Amino acid sequence: MLRCPKCRSKEIYPVAGGYAGWLYRCKKCGYQGALVLEYDEKESGDERRW
Ligand SMILES: [Zn+2]
């Protein structure tokens, strides 16, 4: 499960694979970048930060 690092929305999805890797975009706040938060579904209460 991926989450936006800015607004923590789950509405984030990959848009393109470029030279630097995958780019993600957040539907909610418009964030775009390669950095996203990754969650394990079973540990939904825990936040893991990069
Ligand atoms: Zn966002």
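How many helices and how many strands does the protein have? In this predicted model, the protein has zero helices and five strands.

## Overall build

Read from the N terminus on, the elements of the protein follow the pattern β-β-β-β-β. The chain counts 50 residues, of which 10% are classed as buried. When contacts between residues at least 6 apart in sequence are considered, 27% of them join residues at least 24 apart.

## The sheet

Three strands form an open sheet, arranged in the order β2-β3-β4 with antiparallel pairing. Its edge strands are β2 and β4, each of which pairs on one side only. As a general matter, strands of a sheet pair through backbone hydrogen bonds, and the pairing may be either parallel or antiparallel.

Between β3 and β4, which run antiparallel, there are two bridges. Within this part of the model, Y24 stands opposite G33, a residue of β4.

## The nonpolar core

Which residues make up the largest nonpolar core? This core has five residues, namely C4, I12, Y24, C26 and V36. In soluble globular proteins, nonpolar side chains tend to be buried together.

Y24, one of the core residues, touches L2, I12, Y13, P14, V15, G33, A34 and V36, when residues up to four places away in sequence are left out of the count. Two residues in that list, I12 and V36, are also members of the core.

## Two loop residues

Y31 is found in the loop between β3, which spans 21–26, and β4, which spans 32–33. Is Y31 buried, exposed or partly exposed? Because Y31 has 17 C-beta neighbours inside 10 Å, and a residue needs 20 or more to be buried while 12 or fewer would make it exposed, Y31 counts as partly exposed. Leaving aside residues up to four places away in sequence, Y31 touches C4, K6 and C26; among these, C4 and C26 belong to the largest nonpolar core. Although Y31 and C4 are 27 residues apart along the chain, their C-alpha atoms are separated by 7.4 Å.

R8 lies in another part of the chain, in the loop between β1 (2–3) and β2 (12–18). R8 has 14 C-beta neighbours inside 10 Å and therefore also counts as partly exposed. The backbone of R8 has a phi near 65°, which is a positive value in a residue other than glycine. For context, most residues other than glycine have a negative phi.

How values were computed:
Residues are numbered from 1 along each chain as its sequence is written. This is a predicted model: local features need pLDDT of at least 70, side-chain atom pairs count only at pLDDT 80 or more; totals for chains, interfaces and linings use all residues. Helices (H or I, at least four residues) and strands (E, at least two) are DSSP runs, numbered from the N terminus. Two residues are in contact if their C-beta atoms, placed from the backbone, lie within 7 Å. A nonpolar core is a set of buried Ala, Val, Leu, Ile, Met, Phe, Trp, Tyr and Cys residues joined through C-beta atoms within 7 Å. Two strands pair if DSSP finds at least two bridges between them.
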